[in-house]
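Open the model in your viewer and keep the selection box ready. The stops below each give something to select and then say what is there.

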Amino acid sequence: MTFDYKKPNILDIKLGKKKPKKSNVKFENSTTNSHCFRINGMVINLNDGDKLEECFLSKYFGQKITVDEIENYLALFFFDGKRINQALLTNLIGELDGFIAAFKLFSGVKFISSSLFMAFDAGFS
């Protein structure tokens, strides 16, 4: 999916929530519980002046992201080194609106262990 990208930024989000049968502190404090999603992995290329620095965040790291931190990590995905890339974010929101509309057609259907994969080329010149 990212073969032609010079520097892919990748975000894998696990969607939905399935409450554990037993009380689970880790689940209660997770973004899965509060937002019905969590970051399952992320590769970001941070533009630091002349160079791009690649950063990997594993699913284990994503499981530790708190409710207070999730917004900052999502913003980091869209950060181009100077600011959040508004054009990219606006495009994604438009795509997600279509995605949500399609899901509404499947009322009563459960999606278990679903993921949303997003990627763009951060190979700035």
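The tour goes through strands, rings and cysteines in turn. Keep in mind that this is a predicted model.

**Stop 1: strands β1 and β4**

Select residues 8-15, which make up strand β1. Add strand β4, residues 114-121. The two strands run antiparallel, and eight bridges join them. For a register mark, pick Leu15: Ser114 in β4 stands opposite.

Now colour β4 by face. Which residues sit on its covered face? They are Ser114, Leu116, Met118 and Phe120. The uncovered face holds Ser115, Phe117, Ala119 and Asp121.

**Stop 2: Leu11**

Stay in strand β1 and select Leu11. Is Leu11 buried or exposed? It has a relative accessible area of 1%, under the 20% cut-off, so it is buried.

Show its contacts, leaving out residues up to four places away in sequence. From β4, Leu11 touches Leu116, Phe117 and Met118. Its other contacts are Ile39, Gly41, Met42, Leu74 and Phe77. Ile39, Gly41 and Met42 fall within strand β2, residues 37-48. Leu74 and Phe77 fall within helix α4, residues 70-78.

Next, draw a C-alpha to C-alpha distance from Leu11 to Val43. It reads 6.6 Å, for two residues that are 32 apart in sequence.

**Stop 3: Asn45**

Move along strand β2 to Asn45. Asn45 is buried too, with a relative accessible area of 1%. What lies 3.5 Å from a polar atom of its side chain? Select Lys7 and look at the backbone oxygen: that is the atom in question.

**Stop 4: the aromatic rings**

Show every Phe, Tyr and Trp side chain. How many aromatic pairs does a search of the whole structure find? The search finds four.

Begin with Phe61 and Tyr73. Their rings meet edge-to-face, 5.5 Å centre to centre, with 75° between the planes. Phe61 belongs to helix α3 (residues 59-64) and Tyr73 to helix α4, so this pair ties together parts 12 residues apart in sequence. Phe61 is partly exposed, at 33% relative accessibility.

Then go to Phe99 and Phe103. This pair is also edge-to-face, at 4.6 Å centre to centre and 75° between the planes. Both residues lie in helix α5, residues 86-104. They are four residues apart, about one turn of the helix. Phe99 has a relative accessible area of 31% and is partly exposed. Phe103 is partly exposed as well, at 29%.

Last among the rings, select Phe77, Phe78 and Phe120. Ring pairs link these three into a cluster. Two of its members have come up before: Phe77 touches Leu11, and Phe120 is on the covered face of β4.

**Stop 5: the cysteines**

Select Cys36, in the loop between α2 (31-35) and β2. Check its backbone: phi is positive, about 65°, although the residue is not a glycine. Why stop for that? Most residues other than glycine have a negative phi. Cys36 is partly exposed, at 35% relative accessibility.

Add Cys55, which is partly exposed with a relative accessible area of 26%. How many disulfides are there in the model? With a cut-off of 2.5 Å between cysteine sulfur atoms, the count is zero.

How values were computed:
Residues are numbered from 1 along each chain as its sequence is written. This is a predicted model: local features need pLDDT of at least 70, side-chain atom pairs count only at pLDDT 80 or more; totals for chains, interfaces and linings use all residues. Side-chain values use heavy atoms; hydrogens and water are left out. Rings of Phe, Tyr and Trp (its six-membered ring) pair if their centres lie within 6.5 Å; planes under 30 degrees apart count as stacked, over 60 as edge-to-face and the rest as tilted. Buried means under 20% relative accessible area, exposed over 50%, partly exposed in between (1.4 Å probe, protein chains only). Two strands pair if DSSP finds at least two bridges between them. A polar contact is a pair of N or O atoms within 3.5 Å; within protein, one must be able to donate a hydrogen and the other to accept it, and residues adjacent in sequence count only if both atoms are side-chain atoms. Contact means heavy atoms within 4.5 Å.
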